[in-house]
Amino acid sequence: MKYIDEFNDPELARRLLGEIRATVTRPWALMEVCGGQTHSIIRHGIDQLLPDEVELIHGPGCPVCVTPLDVIDKALEIAARPDVIFCSFGDMLRVPGTDRDLFRVKGEGGDVRVVYSPLDALDIARKNPDRQVVFFAIGFETTAPANAMAVHQARRLGVDNFSLLVSHVRVPPAIDAIMSAPACRVQGFLAAGHVCSVMGTAEYPDLAEKHRVPVVVTGFEPLDILEGIRRAVHQLERGEHRVENAYPRAVREQGNPAALRMIEEVFEVTDRNWRGIGRIPTSGWRLTDAFRAHDAEHRFDVAGIRTEEPAACRAGEVLQGLIKPTECAAFGTTCTPRTPLGATMVSSEGACAAYYLYRRMTDTPARQGSRIPQEEMNPVG
């Protein structure tokens with residue numbers, strides 16, 4: 001398949017790894033921002049194949065994982081109401097709230113439906129004018145245009161029974177917060193290609209200059225990630241801190257102008273809480289006043305919800321890159337995909353889920369030598 005098979009070539013992977021080994025002279029710590037990149041790294045064992053001097057730190061790049069607990073609990077309360085049809089992508093249904101999840105609400109009689117697009121939820125609202133239809137609008141910049149389009153269409157068509165429960169987050173402020181933390185060890189970033197395909201790269205040069213770190217925009221296949229690491233290591237060894245686009249087949253500097261216009265019309269920047277991390281200024285979006293009538297938090301009285309994270313769950317430290325999933329005592333024991341304590345274990349992009357799924361049940365073993373068996377670069381069956 002074009003853009004898939006050619007970016008899984010073991011021989012090209014060996015060459016890139018050889019270049020990284022030939023370049024690196026001292027330890028460097030890089031953070032991949034996106035959870036999709038984390039899964040690719042763990043699935044293909046990329047972190048084990050790198051030279052010992054290069055460490056990959058998993059960042060907070062899973063939108064399901066960082067959706068704050070109070071928003072999950074608000075979703076659960078709204079979904080349980082008899083006059084509501086609550087629509088969501090499937091990956092949110094097992095994310096634990098304080099004492100239950102959306103699957104539990106559905107089992108108790110709530111009308112919870114999995115949809116594949118916010119426009120599907122809008123169509124449900126048009127077909128059920130006597131019910132309130134709420135779409136759980138979470139995600140990074142990647143999903144914002146479609147959610148904006150859905151609520152824009154709802155207002156244009158006069159579909160008054162459609163609303164969004166919004167928990168959108170923005171990547172650049174999170175990078176700034178991570179780099180500003182006293183315990184931060186990150187020296188370079190692999191930025192998420194799908195986010196930049198929407199937003200472009202305009203917000204990253206100031207971050208690279210402020211924190212003196214290279215930012216390399218890259219994709220999700222093994223060769224994409226290795227090329228991003230190669231470029232970041234080259235910059236670090238030379239004392240440079242620039243923004244590089246290693247994903248030109250999908251990313252342009254200006255991003256997607258039509259998507260940006262839609263986001264700007266429907267959303268406005270706001271402070272946002274990140275689950276396990278805390279409040280990050282200007283790190284989210286909310287609906288503007290013009291679309292406030294379609295805001296589920298405005299429409300339903302869900303204020304005053306009190307939440308409490310499980311004491312044994314260290315997902316917040318995982319999301320900040322302070323620990324690996326295997327350093328949490330609950331990992332793989334009291335916390336599994338069937339009995340998750342935190343969203344990082346149940347999300348399809350969560351770091352804990354990646355370690356569990358690909359049987360990385362202990363600390364990363366010694367990395368491979370110069371010879372890379374082809375099977376190391378093949379997908380796990």
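Met31 of strand 1 stands opposite Phe189 of strand 7, in a predicted model where local features need pLDDT of at least 70, side-chain atom pairs count only at pLDDT 80 or more, and totals for chains, interfaces and linings use all residues. Residues are numbered from 1 along each chain as its sequence is written, and side-chain values use heavy atoms, with hydrogens and water left out. Helices (H or I, at least four residues) and strands (E, at least two) are DSSP runs numbered from the N terminus.

Strands 1 (residues 28-32) and 7 (residues 188-192) run parallel and share three bridges; two strands count as paired if DSSP finds at least two bridges between them. On to strand 2 (residues 54-58), also parallel to strand 1, there are five bridges, with Glu32 partnered by His58. Five of the five residues of strand 1 are buried, so the strand is largely enclosed by the rest of the structure; buried means under 20% relative accessible area (1.4 Å probe, protein chains only). Trp28, Leu30 and Glu32 point one way, Ala29 and Met31 the other.

These strands belong to an open, parallel sheet of five with the order 2-1-7-8-9. Strand 2 and strand 9 (243-245) sit at the edges with a single partner strand each, so one side of each is left without a neighbour in the sheet. Strand 8 (residues 215-218) pairs with strand 9 over three bridges, and Val216 has Glu244 as its bridge partner there.

Phe189 turns up again in the largest nonpolar core: of its 85 residues, Phe86, Phe162 and Phe189 touch the most other members. Such a core is a set of buried Ala, Val, Leu, Ile, Met, Phe, Trp, Tyr and Cys residues joined through side-chain atoms within 4.5 Å. A second, separate core holds 36 residues, including Leu17, Leu190, Ile229 and Cys335.

As for rings, there are six aromatic pairs, meaning rings of Phe, Tyr and Trp (its six-membered ring) with centres within 6.5 Å; planes under 30 degrees apart count as stacked, over 60 as edge-to-face and the rest as tilted. One of them, Phe140 with Trp274, is tilted, at 5.9 Å centre to centre and 55 degrees between the planes. The two residues lie 134 residues apart, Phe140 in the loop between strand 5 (132-139) and helix 8 (144-157), Trp274 in strand 10 (residues 267-274). Both Phe140 and Trp274 are buried. Phe267 and Trp285, by contrast, form a stacked pair, 6.1 Å centre to centre with 20 degrees between the planes.

Key: Buried < 20%, exposed > 50% of the residue type's maximum accessible area, 1.4 Å probe, protein only.
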